[in-house]
Amino acid sequence: MSSILFTIESGIANIVFNRPDKLNAFNREMALSFQEKLDICANDTEVRCVFITGNGKGFCAGQDLAEVVDPNGPGMGKILSEHYNPIILRIRSLSKPVIAAINGVAAGAGANIALACDIVIANHSASFIQAFSKIGLIPDSGGSYTLPRLIGYQRSTALMMLGDKVMAADALQMGMLYKIFPDEIFEAEAKKIAVTLSKMPTKTLGYIKYALQESAGNSLASQLELEDEYQQKAAATMDFKEGVEAFLAKRAPIFKGE
Ligand code: LHQ
C-alpha cells in the first residue's frame, strides 16, 4: 500500500497521507514520495489546485518516531535537511494554491506542514499539537516561522513549550485556520473549496501567494513595488482578459489558468 495516494482530477491534485495505523506519521519513503508528488503538482499545467488530507482518523502525527531510533533509519542528520525542509519549501514555492484539509490530529511536523499550506480548513474533531517539546525537540518544519506570524509570539510560545492540544474551534479563533466544518459535511465542503480554486485564474493565485509571502520581509515601499510587478504580470494573463470581458458582457468568466 502506498504511503501517499495521488490522483489528478478536473484540475485538482489530491494528495492523501496513507499510513492510517500510524496516524499518517512520516517515514523517509513517505517524505520522499510527498516531495515527488509536490514536484508533479508544480510542473503539470493540468494541476490548478493541490488538496492535501489524511486517510483514517488522523491528518499526520509528524515524524514516525520508530524510524528515528531505527539503526537502519535515515538518522537525525537527514530528517530535516532531506525530508521536512524540502517539503516546506516546495509547498511555499508552488505557484498554485495548496489546501490542507485537516481531518483529525495534526501533530509535530504534521501540524507545521499544515500551517505551511495556503488555505487550512478542518473538521470539528481535528486538533493541532506542537508535540516537539514533549520529546525534547524544538518545533521544526517551519513552525517557528509560520505559527508566530499566524497567532503571535505569546500564544506560539505557550503552545510550543507546553505541547498542548488545540482543538479546531480554538485554532480557528486563534487565527491558525480559515474555516471549520462539522465532521459529516467536512469532505464535501473541503472539496467545494478545491473545485472553486481549480476554476480561478491560477497564475494570479500564484502571484497572490508570492506577494503575501514576500511581505514578511518587505518595507511598505518595497511591497508596493512588488504589487506593481505582480499586477503587471496578472494583467498580462489570458484570464484577466477573460475576467474583464465576462464582466462587461454580464456572463460568468471561464478561466483557463493561462
Ligand atoms: C505513531 C506516531 C508517531 C510512530 C502515532 N510515530 N507512531 C524532526 C526531527 C527529527 C526527529 C523527530 O521528528 C521531527 C519532526 C516531528 O514531527 S517531532 C514530533 C513527532 N510526533 C509526535 O511526537 C507525536 C506522537 N504521537 C502522539 O503524541 C499521539 O499519537 C497523538 C497525540 C498524535 C494521537 O494520540 P491518540 O489519538 O491517542 O493516538 P495513539 O497515540 O494511540 O496513536 C495511534 C497509533 O499511531 C499508535 O500505534 P499502535 O500500534 O499503538 O496503535 C501510535 O503508536 C501510532 N503513532 N504517532 N509520530
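How many residue pairs are in polar contact across the interface of domain 1 and domain 2? In this predicted model, the rule finds 8 such pairs, with both residues at pLDDT 80 or more. The side of domain 1 that touches domain 2 draws two or more residues from each of two elements, α3 (76–93) and α5 (143–151). Helix α3 gives the most, with 3 residues. By residue class, this side of domain 1 divides into 6 nonpolar, 2 polar and 5 charged residues.

The two domains follow from the domain assignment of the protein chain. Domain 1 covers 4–198, and domain 2 covers 202–249. Their centres, taken over C-alpha atoms, are separated by 27 Å. The contact takes 13 residues from domain 1 and 7 residues from domain 2.

The size of an interface is often given as the accessible area lost when the parts come together. Between domain 1 and domain 2, the buried area is about 790 Å². Carbon and sulfur atoms give 47% of that area. On the domain 1 side, three residues stand out: Arg-48, Arg-92 and Ser-95. Together they supply 50% of the area that domain 1 buries against domain 2, more than any other three residues.

Salt bridges were then counted. The count between domain 1 and domain 2 is 1. The side chains of Lys-209 and Asp-118 form a salt bridge, with an N to O distance of 2.8 Å. Lys-209 falls in the range of domain 2, and Asp-118 in that of domain 1.

By the salt-bridge rule, the count comes to 8. One pairs the side chains of Arg-28 and Glu-82, also with an N to O distance of 2.8 Å. Arg-28 lies in helix α1 (residues 28–43) and Glu-82 in helix α3, so the pair ties together parts that are 54 residues apart in sequence. Helix α3 also contributes to the side of domain 1 that touches domain 2.

The ligand site was examined next. The ligand is surrounded by 23 residues. The closest are Ala-61, Gln-63, Leu-65, Ala-109 and Asp-140. Backbone atoms of three of these residues approach polar atoms of the ligand. A polar backbone atom of Gln-63 is 2.8 Å from a ligand nitrogen. For Leu-65, a backbone N or O atom lies 2.9 Å from a nitrogen atom of the ligand. For Ala-109, a backbone N or O atom lies 2.9 Å from an oxygen atom of the ligand.

Technical notes: Residues numbered from 1 in each chain as written. Predicted model: local features only at pLDDT ≥ 70, side-chain atom pairs only at ≥ 80, totals over all residues. Heavy atoms only, no water. Domains from an automatic or database assignment. Contact = heavy atoms within 4.5 Å. Buried area = accessible area lost by both parts, 1.4 Å probe. Salt bridge = Lys/Arg side-chain N within 4 Å of Asp/Glu carboxyl O. Polar contact = N/O pair within 3.5 Å; in protein donor to acceptor, adjacent residues only side chain to side chain. Helix = DSSP H or I, 4+ residues; strand = E, 2+ residues; numbered from the N terminus. Nonpolar A, V, L, I, M, F, W, Y, C, P; charged D, E, K, R; others polar. Near = heavy atom within 4 Å.
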